[in-house]
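Reader: I should like to learn how to read the features of a structural model. May we go through one together?

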Amino acid sequence: MGIKSLKIGFLQLVGCSGCLTSIIDSTVFKEIWNKGYIIFFPMIKDGGDIDSCDLVFIEGSASKRDEKLLKKVRTKVKRVISIGSCACFGGISSNVKELELKPIHSMIEVDLELPGCPPPENLISTLLYALISGKEFKHKTVNVCSECPFHPCKAKYPIIIREIFPKGKSERCLLEEGILCLGPITRAGCEAKCVVQGGSCYGCMGLLKSDSLTSLVDFLALLAIPKELKYDVVNILNLYGKREYVS
Ligand code: SF4
Ligand code: SF4
Ligand code: SF4
């Protein structure tokens with residue numbers, strides 16, 4: 001595929017537009033827009049045809065009624081990229097139980113997943129730039145803790161979880177304070193944004209070892225989670241679609 005002729009479509013399924021907005025806000029978007037790479041994009045360019053695309057980005061998770069469209073995309077397009085945690089894992093939209101939403105990879109094969117809620121701007125730009133310049137995009141291979149100002153964590157095991165979210169801005173690792181933080185098992189790239197801003201990491205960038213659940217299972221084994229907090233922990237893990245791993 002000649003990079004000059006790259007034709008990109010952007011689809012939205014059940015998502016909040018946050019990922020698409022982040023794409024528009026990214027530094028590389030203007031370039032790909034001006035160079036005519038974009039065939040269709042929700043709300044700003046209608047009418048494009050999937051058949052003429054080389055590559056389609058998908059925001060949001062899918063319901064049963066999206067299956068036909070997704071299969072068409074898979075048949076017609078060389079590369080399919082899920083963008084954002086909803087498309088990659090079910091994410092926040094999977095909390096709408098009535099719709100039985102699923103991640104895109106559960107319906108069709110996906111060539112690349114870029115999680116995040118929304119994905120960080122620098123990663124979106126790196127990915128877009130890699131695509132238009134024919135370079136390979138590589139995920140980070142370190143965890144969120146490695147980008148966190150409170151690293152290294154000095155918590156003693158087992159870590160007794162007392163809170164799910166911090167009540168105020170912490171001056172040390174949240175796990176040391178008994179606050180749930182999924183930084184150790186979550187792929188870096190966001191510069192520990194939520195922790196820096198006074199929250200905790202709930203894992204929107206996805207598991208560091210995406211081919212294995214071992215890290216999640218091992219991490220949970222280090223935590224002592226009181227009965228009354230288990231429901232909240234399951235809900236947070238459900239953003240990954242992995243609620244079955246909390247007993
Ligand atoms: S991943 Fe987050 S920002 Fe993207 S569509 Fe889902 S809820 Fe919105
Ligand atoms: S606060 Fe969270 S992200 Fe930061 S070092 Fe501790 S566990 Fe890791
Ligand atoms: S700190 Fe965690 S939840 Fe927040 S953006 Fe980074 S990966 Fe996502």
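Reader: How do the residues of the shell around ligand 1 divide into nonpolar, polar and charged?

Author: This is a predicted model, in which local features need pLDDT of at least 70 and side-chain atom pairs count only at pLDDT 80 or more, while totals for chains, interfaces and linings use all residues. Residues are numbered from 1 along each chain as its sequence is written, chains are lettered from A and ligands numbered from 1 in the order in which they are written, and side-chain values use heavy atoms, with hydrogens and water left out. For the classes, Ala, Val, Leu, Ile, Met, Phe, Trp, Tyr, Cys and Pro count as nonpolar, Asp, Glu, Lys and Arg as charged, and the others, Gly among them, as polar. The shell around ligand 1 has five nonpolar, five polar and one charged residues.

Reader: Which residues surround ligand 1?

Author: A residue is placed near a molecule if one of its heavy atoms lies within 4 Å of it. Around ligand 1 these are G15, C16, G18, C19, E59, G84, S85, C86, G116, C117 and P118. Two elements, α1 (18-25) and α4 (85-89), give two or more residues each to this shell; helices (H or I, at least four residues) and strands (E, at least two) are DSSP runs numbered from the N terminus.

Reader: Which residues are around ligand 3, and how do they divide by class?

Author: The shell of ligand 3 consists of V144, T186, C190, C194, C201, Y202, G203, C204 and M205. By class, seven are nonpolar, two are polar and none is charged.

Reader: What area is buried between domain 1 and domain 2?

Author: Domain bounds come from an automatic or database domain assignment, which here gives domain 1 (3-133) and domain 2 (144-242). Buried area is the accessible area (1.4 Å probe) that two parts lose on being put together, summed over both. Between the two domains it is about 930 Å², with carbon and sulfur atoms giving 53%. F89, P115 and P120 supply 41% of the area that domain 1 buries against domain 2, more than any other three residues.

Reader: How many salt bridges cross the interface of domain 1 and domain 2?

Author: A salt bridge requires a side-chain nitrogen of Lys or Arg within 4 Å of a carboxyl oxygen of Asp or Glu. The rule finds zero across this interface.

Reader: Where are the cis peptide bonds that precede P152 and P158?

Author: Most peptide bonds are trans. The bond from H151 to P152 is cis, with omega near 5 degrees, and another cis bond joins Y157 and P158, with omega about -10 degrees. P152 lies in the loop between α5 and β6 (159-160), and P158 is found in the loop between α5 and β6.
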